[in-house]
Amino acid sequence: MMQNVHLAPETDEDDLYSGYNDYNPTYDTEELENDTAFQQAVRTSHGRRPPITAKIPSTAVTRPVATGYGSKTSLASSMGRPMTGSIQDGVTRPMTAVRAAGFTKAAFRGSAFDPLGQSRGPAPPLETKNEDSPEEKIRQLEKKVNELVEESCIANSCGDLKLALEKAKDAGRKERVLVRQREQVTTPENINLDLTYSVLFNLASQYSANDMYAEALNTYQVIVKNKIFSNAGRLKVNMGNIYLKQRNYSKAIKFYRMALDQIPSVHKEMRIKIMQNIGVAFIKTGQYSDAINSFEHIMNMAPNLKAGFNLILSYFAIGDREKMKKAFQKLIAVSLEIDDDDKYISPSDDTHTNLVIEAIKNDHLRQMEHERKAMAEKYIMTAAKLIAPVIESSFAVGYDWCVEVVKASQYVELANDLEINKAITYLRQKEFNQAVETLKMFEKKDSRVKSAAATNLSFLYYLENEFAQASSYADLAVNSDRYNPSALTNKGNTVFANGDYEKAAEFYKEALRNDSSCTEALYNIGLTYKKLNRLDEALDCFLKLHAILRNSAQVLYQIANVYELMEDPNQAIEWLMQLISVVPADSRALSKLGELYDSEGDKSQAFQYYYESYRYFPSNIDVIEWLGAYYIDTQFCEKAIQYFERASLIQPTQVKWQLMVASCFRRSGNYQKALDTYKDIHRKFPENVECLRFLVRLCTDIGLKEVQEYATKLKRLEKMKEIREQNQPSGVARSDPAFRKVGTRIKPGRDGSGGSRSKREGSADHESGQNYSASSKGERLSAKLRALPGTNEPYESSSNKEIDASYVDPLGPQTERPKTAAKKRVEEEDFADEDLGDYLLPE
């Protein structure tokens, strides 16, 4: 039978589907009835073999798996047909599928064509996951750890550092639980090292962000010492940063160098940054030569602005002028790698191009370019101001050299700013003429520089009270740049100085419209509203300014002053309390607090703040007068003496302070000291009528013989005053304060706290034209103090026709001594035992 089998030859190797049409009669089932060999096999026992027990029907003889390299010989089937892939007579039987692709003979028996097997119904449901399995628990726990790490990072970026740290700690705890569970289920090789690394790194970062440096260093050490983490050595840079924050510069340098050794040379940018950190650490330790080596290497390999600026600082620290110049030139030559401004100018009228340019004019890339350029200008200006005074014989020559270098670079516009800084340096050195000449050079330059120079000139002339020149340059500055808030503020100042407050307010408002953060204009408009008595608007301005400048002493004082003008002392006291919390040693604020408490009747608080004011500034006459009066009012005349003595030292030409000292001695019972003080006053002021009266009374009480001498001088002085008064016209005598009677006193211009002292003495009568006598027992002390010559007034002598030997104590009447006997004392007449002579009797 096998002899009659002939396989189809491979006629065309290129055609994969060739040979299928060459039908071998051996496979023709229609002719099986005529096949003698087949019929022979069917009739014998060869065709009635017992079936095999395999689930899938198969032939009795196991066929080997056919491969491309295996043997091509195989056994024939029981039907005498060659096996698939067998070689017979040099012809290979084509490979066929085990089952036809949806085509059976059943199709001829009326069954529908169903190649996808859709008639078998829906697929069975998927198996549900077993959540209790260890693998599923590990998977869920790993997902939770990743979520905690992400939440920690998000909280850190939002500024919630405490929450970020808590999330990082929670992630660390769950990650350790995860590792233990993995070790129980799988081998240690299957542990997720990346997750462990990320959890530890995030935890260390959060510790560092919360200033918990010891914990951060311990966590970094865990990562660095574990050899299974690749590239963990880079984290030594973070450890060095922590040591730098702790000012442990030697350890910081050590860890920076260890990190530098572990980073390959292909990571050039990272190595440069680490070397820059090493240079900064060397500057902190004062090792400028080592810092110079680091920065020089950076400037040679990959120059940048920070390294160039730090190099200039290092050379400035060692005082090397030539190296400073070279370093400045290197800083100027650093490329910013930004596009020119011409890129953002539309070259044509193309609508699409214009829309693109408009879109990129202020995008994030453009903003980054602006920031980089501003940073470069800041470094260059700071470096120039630093080295200009030291690189040449004078700072002017140094500035000129810097200007020339800048003009030859890409930062041409900075040259004018350097010139203005040169003028400001002249101002700091009190060379005003040189500053003015330097600023006047900008009058013919572009508008921006001209406006800045004119603004400074206007301010200079304003300080010198040359308001015409100040106004002229302020106009020039405003005309050059109408949107310059400083120029508008200076113009408002000049108008304010001329008294035109409404117009000044308009200039200040315009300055605020151009720049809402111009605090000078806001402060000045508040002062302007105070001048215009628009207190509510002034208060609004100062409160807005207080929201911007929280700890400004000037603003706090102005708010308190406005409340005082609005007659709200409680609010004024509250704001003054905030003021002294900012400047606790401000004597003016303390005295103002004392004055407000005094007006409210709180003497103890008033004394506390007046005393604090005196302690910080012991030369304030108003404070000294109040303290002296307070001690007299509380019957402590001995303590009042030191204050009046200090006042007499501050104003030695004013006789009233020395009279107060003598009166305090007398009231405290030290009559001898009082007499010596009066005599000393008489030597310094021989024409003082009050002093002579005190001497006459005191000598009489004590029983001294000098009473006749002092009485004679008193009569002679009164006669001289009478003659002078007679020689003056009557109108002048009545109008000129110098020729008024002794009983009349001029009220000084200081308001002080006289109104509050009226409560102390119990009398409301404090008019200046009142006549005083020895029997005026209820006079206020402040009125007595004002009765004496003021600070700026010459001493006045008496012009009474009669000799008035009585006196009035400037400190008020003494308290009556308590009675100690039942018998009534006989009051003796003044001067009863003294023979004064007929010339002292009234005419």
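In this predicted model, Phe328 has a relative accessibility of 0% and therefore counts as buried, the cut-off being under 20%. Trp401, at 19%, also falls under that limit, so this residue counts as buried as well. The two rings form a tilted aromatic pair, with 6.0 Å from centre to centre and 50 degrees between the planes. Phe328 belongs to helix H11 (residues 321–332) and Trp401 to helix H14 (residues 395–407), so their pairing ties together parts that lie 73 residues apart in sequence. Trp401 has a further partner in Lys325, which lies over the face of its ring at 5.5 Å from the ring centre.

Helix H14 contributes to another aromatic pair through Phe395, whose partner Tyr426 lies in helix H15 (residues 414–428); this pair therefore ties together parts 31 residues apart in sequence. The ring centres of Phe395 and Tyr426 are 4.9 Å apart and the planes meet at 65 degrees, so the arrangement is edge-to-face. Both of these residues are buried.

A search of the whole structure finds 23 aromatic pairs. Elsewhere in the chain, one aromatic cluster is formed by Phe607, Tyr610, Tyr611, Tyr614, Trp626, Tyr630, Tyr631 and Tyr643. There is also a charge placed over a ring at Phe636, where the charged end of Lys639 sits 5.3 Å from the ring centre.

Attention now turns to helix H21. This helix covers residues 519–531, and its 13 residues should span 18 Å at 1.5 Å a residue; the end C-alpha atoms are 19 Å apart, which agrees with that expectation. Its buried residues are Thr519, Ala521, Leu522, Tyr523, Asn524, Ile525, Gly526, Thr528 and Tyr529. Among the elements that cover them are helix H19 (485–497), helix H20 (501–514), helix H22 (535–548) and helix H23 (553–565). After H21 comes Asn533, which has a positive phi near 60 degrees.

A last site of interest is Asn484, found in the loop between helix H18 (467–480) and H19. Although placed in a loop, Asn484 is buried, with a relative accessible area of 13%. Its side chain makes a polar contact of 3.4 Å with the side chain of Thr455, and it also reaches the backbone nitrogen of Ser486 at 3.2 Å. When neighbours within four places in sequence are left aside, Asn484 is in contact with Ser451 and Thr455. Thr455 thus appears both as a contact of Asn484 and as its partner in a side-chain polar contact.

Key. Residues numbered from 1 in each chain as written. Predicted model: local features only at pLDDT ≥ 70, side-chain atom pairs only at ≥ 80, totals over all residues. Heavy atoms only, no water. Phe/Tyr/Trp six-rings, centres within 6.5 Å; stacked < 30°, edge-to-face > 60°. Helix = DSSP H or I, 4+ residues; strand = E, 2+ residues; numbered from the N terminus. Buried < 20%, exposed > 50% of the residue type's maximum accessible area, 1.4 Å probe, protein only. Lys NZ or Arg CZ within 6 Å of the ring centre and 35° of its normal. Expected span 1.5 Å × (residues − 1). Contact = heavy atoms within 4.5 Å. Polar contact = N/O pair within 3.5 Å; in protein donor to acceptor, adjacent residues only side chain to side chain.
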